[in-house]
Amino acid sequence: MTIFFENESSIQFDFPEEEHLAKLIDAVCNYVHCPYEVEISVTLVDKKRIRQVNNEFRGIDRPTDVLSFPMMEYNSPADFTGKAFCTSISLSPESEELILGDILLCAPVVCEQATEYGHSKLREFSFLIVHSLLHLFGYDHIEDGDREAMEWAQREIMDILQISRE
């Protein structure tokens, strides 16, 4: 597994972010039975930066908690044999790892939402990364059935990681 991690925000969490990211990525990859070693980019940003990117790519001119930029398409979530995946697969020429994509996580929003929801910053960070990783594996929450499947997967992964709402 290769993680390109950068903290562009002014916030330092009280846990080892990169070590924790590896644990989260490993758990999600195991959950979806990913048959590849993976490469991923995760960047912690401030509200100004995530607002810019949210506006540029989604046409929504406000900050958000997390943005996911998947490299592959899937016929259905985590379908590593479907035509969409097989025609969009992206492997690193150096490591031959599957390039999952990029995650932008807004560190100030992680802190705000942790307070708002009454749980730790570790829990909020973890939940948003798990949510974003599922997007990179083709999960979505636009349609009710898809949303239910994604929420179920999120709950199961968080249970496996034993990260609760405290």
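Which helix is Ser-132 found in? The notes below start from that residue and then turn to the sheet and the salt bridges.

1. The model is predicted. Ser-132 is found in helix α5. Its relative accessible area is 0%, so Ser-132 counts as buried, the cut-off being under 20%. Leaving aside residues up to four places away in sequence, Ser-132 touches Val-66, Leu-67, Ser-68 and Ile-103.

2. The sheet is open and has four strands, in the order β1-β2-β4-β3, with mixed pairing. Its edge strands are β1 (2-7) and β3 (66-70), each of which pairs on one side only. On average, neighbouring strands of this sheet are turned by 10 degrees against each other, direction ignored. Strands of a sheet pair through backbone hydrogen bonds, either parallel or antiparallel.

3. Strands β1 and β2 (residues 38-45) run parallel and are joined by six bridges. For anyone checking the register in the viewer, Glu-6 has Thr-43 in β2 as its bridge partner.

4. Two helices can be placed against these strands. Helix α1 (residues 17-31) lies across β1 and β2, and runs at about 135 degrees to β1. Helix α5 (residues 121-136) packs on the sheet, where it touches β2, β3 and β4 (98-106). The direction of α5 makes about 140 degrees with that of β4. Ser-132, the buried residue of point 1, belongs to this helix α5.

5. How many salt bridges does a search of the whole structure find? The search finds four. One of them is between Lys-47 and Glu-112, with the closest N and O atoms 2.6 Å apart. This pair links distant parts of the chain, as Lys-47 is in helix α2 (residues 47-58) and Glu-112 is in helix α4 (residues 107-117), 65 residues apart. Lys-47 is partly exposed, because its relative accessibility of 31% falls between the 20% and 50% limits. Glu-112 is also classed as partly exposed, with a relative accessible area of 40%.

6. A salt bridge also forms between Arg-51 and Asp-61, whose closest N and O atoms are 2.8 Å apart. Arg-51 lies in helix α2, whereas Asp-61 lies in the loop between α2 and β3, so the salt bridge ties together parts that are 10 residues apart in sequence. As for accessibility, Arg-51 has a relative accessible area of 37% and is partly exposed. Asp-61 is partly exposed as well, at 46%.

7. In helix α6 (residues 144-160), Glu-151 and Arg-147 are four residues apart, which means a separation of about one helical turn. Their side chains meet in a salt bridge, at 3.3 Å from N to O. Glu-151 counts as partly exposed, with 31% relative accessibility. Arg-147 is partly exposed too, its relative accessible area being 29%. Salt bridges that share partners join Asp-144, Arg-147 and Glu-151 into one network.

8. For a quick check against the displayed model, two places may be useful. In helix α5, the contacts of Ser-132 include Val-66 and Ile-103. Between helices α2 and α4, the pair to display is Lys-47 and Glu-112.

Notes
Residues numbered from 1 in each chain as written. Predicted model: local features only at pLDDT ≥ 70, side-chain atom pairs only at ≥ 80, totals over all residues. Heavy atoms only, no water. Pairing = 2+ DSSP bridges. Axes fitted to C-alpha atoms, helices over the stretch in contact; angles between N-to-C directions. Contact = heavy atoms within 4.5 Å. Buried < 20%, exposed > 50% of the residue type's maximum accessible area, 1.4 Å probe, protein only.
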